[in-house]
Amino acid sequence: MTMASCAIALATILCLIVVTCAGSFYDEMDITFGGERAKILNGGQDLSLSLDQYSGSGFQSKNEYLFGRFDMQLKLVPGNSAGTVTTFYLSSQGAGHDEIDFEFLGNSSGNPYTIHTNVFSQGKGDKEQQFHLWFDPTTAFHTYTILWNSQRIIFLIDNIPVRVFNNHEAVGIPFPKSQPMRVYASLWNADDWATQGGRVKTEWKNAPFTAYYRKFNANADKVGPNSKSTTSVNENQTWRTQGVDAAGRNRIRWVQNKHMIYNYCNDQARFTNGLPVECKRSRFL
């Protein structure tokens, strides 16, 4: 083989590696509902979801995972997005399912999106925190990350930690650690509750509403058909024990002091018999 041929072969291999790491939507995801409202674009590098008065749309990962770091870039529905909900989350199946949620609740033009986070374990959630963002999520792509290991769950936006949910099984709080989960995303109508408690409805004259996804990456343990975990091919495994350092704790304090609009750990009217036990353990829940 000539040097020129070797160079071409090497370039081809490197290109394939880059595409694999980028997470082609053709390779990684299945469209689950919405038909033509869900479109894989640009050779598998981008995906759009649309919502109209007849249906929303969604997709899910081909693989199941047990722990990992999951990154997705999103650009949310612009303009009057009231009533719409765009999602990126992990979930198992069944009545006692586990789930880790990013949900983006639209709003009328000029008003901010609400970022809704929640954690379910063994079918029970009720651990919501909500934020407004420090940027417009509709004008450019931003990276949303769920980091999930056996010690904690960290929600990050553009690599800034906004929330940590620690494993407090020692005091009787269930933690998602045994059920493999898939990655899910969807765009759907929830105008009965999503915007200002359902007071602001979806303006169907503005349909279709469209959100965009790209650069999905799962640095995670895939669970194969034989239920044995297979390590991610990505060499960076820091997520397995990752916590939040001093700089990260400062960033969380900034986000929660300046941009948090709801924290279940402060909702004494809701929890009339006393706040959940974990609320006394860490302010970063």
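**Aromatic rings**

I began with the aromatic side chains and found that Phe102, Phe104, Tyr144 and Phe155 form one aromatic cluster. The model I am reading is a predicted one, and I keep that in mind for every entry. I then asked how many aromatic pairs there are. The count comes to 15 aromatic pairs.

I describe each pair by two values, since a pair of aromatic rings is described by the distance of the centres and the angle of the planes. I looked up Phe59 and Tyr213, which make an edge-to-face pair with 5.2 Å from centre to centre and 85 degrees between the planes. Phe59 belongs to strand 4 (residues 57-61) and Tyr213 to strand 14 (residues 209-223), so this pair ties together parts that are 154 residues apart in sequence. Are these two rings buried or exposed? Phe59 is buried, at a relative accessible area of 0%. Tyr213 is buried as well, with a relative accessible area of 0%.

I turned next to Trp188 and Trp193, a tilted pair with centres 6.3 Å apart and planes at 50 degrees. I note that the angle falls between the cut-offs of 30 and 60 degrees, so the label is tilted. Trp188 is partly exposed, at 29% relative accessibility. Trp193 is partly exposed too, with a value of 32%.

**Charges over rings**

I looked for charged ends placed over aromatic rings. Lys75 lies over the face of Tyr212, 5.8 Å from the ring centre. I also noted Arg251, whose charged end sits over the ring of Trp254 at 5.0 Å from its centre.

**The disulfide**

How many disulfides does a search of the whole structure find? I wrote down one. The disulfide joins Cys265 to Cys279, with an S to S distance of 2.0 Å. Both cysteines sit in the segment after strand 16 (260-263), and they are 14 residues apart. I checked the handedness of the link between Cys265 and Cys279: with -80 degrees about the S-S bond, the link is left-handed. I also checked burial, and both Cys265 and Cys279 are buried.

**Asn107**

I looked up the record next. UniProt lists Asn107 under "glycosylation site", in an unreviewed entry. I kept in mind that such annotations may be inferred rather than shown by experiment. Where is Asn107 found? I placed Asn107 in the loop between strand 7 (99-105) and strand 8 (114-120). At 11% relative accessibility, Asn107 counts as buried, because the cut-off for buried is under 20%. I then listed what Asn107 touches, leaving aside its neighbours within four places in sequence: Gly79, Asn80, Ser81, Ala82, Pro112, Thr195 and Gln196.

**His97 and Gln122**

I found His97 in the loop between strand 6 (84-91) and strand 7. His97 is buried, with a relative accessible area of 16%. Not counting residues up to four places away in sequence, His97 touches Ser91, Ser92, Phe120, Ser121, Gln122, Gly123 and Gln179.

Gln122, one of the residues that His97 touches, got an entry for its backbone. Its phi is near 55 degrees, a positive value in a residue other than glycine. Gln122 lies in the loop between strand 8 and strand 9 (129-131). I recorded Gln122 as exposed, at 57% relative accessibility.

**Other backbone entries**

I wrote down the general background here: most residues other than glycine have a negative phi, and most peptide bonds are trans. Asn159 has a positive phi, near 70 degrees, and is not a glycine. I located Asn159 in the loop between strand 11 (152-157) and strand 12 (160-166).

Which residues does a cis peptide bond join? I noted Ala207 and Pro208, with omega at about 0 degrees. Pro208 lies in the loop between strand 13 (182-189) and strand 14.

**The whole protein**

I left the overall values for the end. The protein has three helices and 16 strands. Of its 285 residues, 49% are buried. I looked up the contacts with a separation of 6 or more, and residues 24 or more positions apart account for 65% of them. The exposed area is about 13700 Å², and carbon and sulfur atoms supply 52% of it.

Terms used:
Residues numbered from 1 in each chain as written. Predicted model: local features only at pLDDT ≥ 70, side-chain atom pairs only at ≥ 80, totals over all residues. Heavy atoms only, no water. Disulfide = S-S within 2.5 Å. Helix = DSSP H or I, 4+ residues; strand = E, 2+ residues; numbered from the N terminus. Buried < 20%, exposed > 50% of the residue type's maximum accessible area, 1.4 Å probe, protein only. Phe/Tyr/Trp six-rings, centres within 6.5 Å; stacked < 30°, edge-to-face > 60°. Lys NZ or Arg CZ within 6 Å of the ring centre and 35° of its normal. Contact = heavy atoms within 4.5 Å. Areas by Shrake-Rupley, 256 points an atom, 1.4 Å probe, with all protein chains shown as cover.
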